Every structure is written in C-alpha cells, then in structure tokens.
Amino acid sequence: MRTPLVAANWKMHGTQAFARQLLADLEKGFASSSCSAQVLICPPFPYLSLVGDVAGETVALGAQNLSEQKNGAFTGEVSAEMLLDCGASYVLVGHSERRSLYGESDELVAKKFAVAKSSGLIPVLCIGESLEEREAGKTLEVVAGQLNAIASQGLESPWQDTVIAYEPVWAIGTGKTATPEQAQEVHRFIREQLGEAGVSTQILYGGSVKADNAVELFAQPDIDGALVGGASLKAEEFVSICCAAD
Ligand code: PGA
C-alpha cells in the first residue's frame, strides 16, 4: 500500500567530483540489484542540478532546506521556486541540525513546511526527541508538539503528499540506533496523530541507519523506509539499505 522510500541526506559533504563518483557507483550498484524502493537524494544546494542531470531519471531529487520567504532581499537564502527550478521535488524541513544548530523553532519549521506545500514541493518533515526528553519519558509529547505546530497552520490537507521522518536526535550520527521496537512505537503514534491521511503517509526512520540494522527496522509495520545520513555517502552501503526496504 505504501511504497518504501529511502532518502539520502548528504548534508554538507563532498565536491562535484565526489558527487559524480558516488552517483556512478550507485548506478552500478542498482543495476546489479533488483530493488525497486523509491530513492531520494538530497545533496547540498550547489549540486542539485548535477544530481538531477546525472541521476534524475532514476532517483528523485530533494533539497536539505528552504527559505520561508518567497523571494526578495534575503541574502544567503534559497527559495522553494529556485529548488523547483533546479529539478527538486522534495525538501527536508526541520532537520534536527537545523533546529539545534541554526535555531529553527517549531514556528519557523511550520512556515517552511507551508511554503513547501503551497509551491508543490513534497516536504520531508523531520521530528524527534533529544536524549534528555526520551529519558524524561517525553518522547511522544515532543513528537506530538512538533506535529501540532504544523497542524495549527490551518493548511487544508497537511499530511497528504507529505513524508515524515522520525529521527531521534540522540541517534543521529552517533552510531546509536533506536531499537526496532522503540522506533515502531513512535511511528505508530505518529500515524495515529495524522488521522485518515496517515494510512498513506510514508513515515521514515532516521538515525544511524546502516545496512546491518535496516532489515530489522524495515520489518516493523509502520516504518516505510529511512532517511540516511552517513551511510548514504557509501554507495554499496546505501544500495543495501535501499534493497532492504524493498
Ligand atoms: P545519520 O544521519 O544516518 O548519519 O545518523 C541521519 C540524518 O541526519 O538524517
């Protein structure tokens, strides 16, 4: 019913040469496998067109961030329209690194989400709790709050044509993964919060996903794929994760 989706978040890594090599290695890897998961690549802004030109027929293209403004004197910002113009169809919104390192509040994330939706980009809304919040038993409360910030924008169908990525902050880039049971509990809760639309919304898990933990995570009924950081920079590893989602 829900197509598995595996998204690569390259973060601020690589060069044009690195991107070309990685794409060539991915192409080889996919050609010799028979996996049919949907694949999304989110490179840094300057390499969007390169990825679109080289791999646009086989993978979807996404950006890692967008401005909440439409256009104008906003130095250093990149608009939804520009992303569409470069061939992107998805955009990460509210990644925990944006929230914690660049001070993106729930309110700002909600504005970015609304701009993405109104311009026709599919937002990949990233939500998740910190270690402190988990240890205080507040995981579900935090996640519900992050979803409510979006829902309270009054958008017509916020969860339709939207992807959610549940990424416990303590699992991102740390090598610590949520157990499949921990992840499933939150995924199910998220799906319930989305109401009817939740039946078809892809909910991805993110946080130290690797080839050797992907199969167990993807076996959970409410985990529809992954948002992959570090392991998406290694072709063989990323192809294995995509195939595990099949
Ligand atoms: P990671 O990153 O796979 O390196 O933990 C995931 C993410 O930040 O989206």
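The legends below describe close-up views of a predicted model.

**Figure 1. The whole chain of the predicted model.**
The chain holds 10 helices and eight strands. Along its principal axes, the C-alpha trace spans about 45 × 45 × 35 Å. The radius of gyration is 17 Å, which agrees with the value near 18 Å for a compact globule of 246 residues. Of the 246 residues, 51% are buried. Contacts can also be sorted by separation along the sequence. Among those between residues at least 6 apart, 72% join residues at least 24 apart.

**Figure 2. Helix H1 against helix H10.**
Helix H1 covers residues 16-31, and helix H10 covers residues 235-244. The two helices pack at an angle of about 45 degrees, and their axes are 9 Å apart. An angle between 35 and 65 degrees falls outside the parallel and perpendicular ranges, so H1 is oblique to H10. The crossing of H1 past H10 is right-handed. From H1, the residues in contact are Leu22, Asp25, Leu26, Gly29 and Phe30. From H10, they are Ala235, Phe238, Val239 and Cys242. Sorted by class, the H1 and H10 contact has seven nonpolar residues, one polar residue and one charged residue.

**Figure 3. Helix H1 against helix H2.**
Helix H2 covers residues 48-55. H1 packs with H2 at an angle of about 25 degrees, with the axes 10 Å apart. Angles under 35 degrees count as roughly parallel, and H1 and H2 are therefore roughly parallel to each other. H1 passes H2 in a crossing that is right-handed. On the H1 side the contact is made by Gln16, Ala19, Arg20 and Leu23. On the H2 side it is made by Leu50, Val51, Val54 and Ala55. The classes in this contact of H1 with H2 are six nonpolar, one polar and one charged.

**Figure 4. Helix H9 against helix H10.**
The axes of H9 and H10 cross at roughly 15 degrees and come within 9 Å. H9 and H10 are therefore roughly parallel to each other. Their crossing is right-handed. H9 contributes Ala211, Ala214, Val215 and Phe218 to the contact. H10 contributes Glu237, Ser240, Ile241 and Ala244. By class, the contact of H9 with H10 has six nonpolar, one polar and one charged residues.

**Figure 5. The loop between strand E7 and helix H9.**
Strand E7 spans 202-206 and helix H9 spans 211-218, with Lys210 in the loop between them. Lys210 has 31% relative accessibility and therefore counts as partly exposed. Leaving aside residues up to four places away in sequence, Lys210 touches Glu237 and Ile241. Both Glu237 and Ile241 also belong to the H10 side of the contact with H9. From Lys210 to Cys35 the separation is 175 residues in sequence and 17 Å in space, C-alpha to C-alpha. Ser208 lies in this loop between E7 and H9 too. At 12% relative accessibility, Ser208 counts as buried. Phi of Ser208 is near 60 degrees, which is a positive value in a residue other than glycine.

**Figure 6. Ala183 in helix H8.**
Helix H8 runs over residues 180-193 and includes Ala183. With a relative accessibility of 0%, Ala183 counts as buried. Residues up to four places away in sequence are again left out of the list of neighbours. On that basis Ala183 touches Tyr166, Ala178, Tyr205, Leu217 and Ile223. Ala183 and Pro4 are 179 residues apart in sequence, and their C-alpha atoms are 16 Å apart in space.

**Figure 7. Lys11 in the loop before helix H1.**
Lys11 is placed in the loop between strand E1 (5-9) and H1. Its phi angle is near 50 degrees, a positive value in a residue other than glycine.

Notes
Residues numbered from 1 in each chain as written. Predicted model: local features only at pLDDT ≥ 70, side-chain atom pairs only at ≥ 80, totals over all residues. Heavy atoms only, no water. Axes fitted to C-alpha atoms, helices over the stretch in contact; angles between N-to-C directions. Helix = DSSP H or I, 4+ residues; strand = E, 2+ residues; numbered from the N terminus. Parallel < 35°, antiparallel > 145°, perpendicular 65-115°, else oblique. Left-handed = near helix turned anticlockwise from the far one by under 90°. Contact = heavy atoms within 4.5 Å. Nonpolar A, V, L, I, M, F, W, Y, C, P; charged D, E, K, R; others polar. Rg over C-alpha atoms; globule rule 2.2 N^0.38 Å. Buried < 20%, exposed > 50% of the residue type's maximum accessible area, 1.4 Å probe, protein only.
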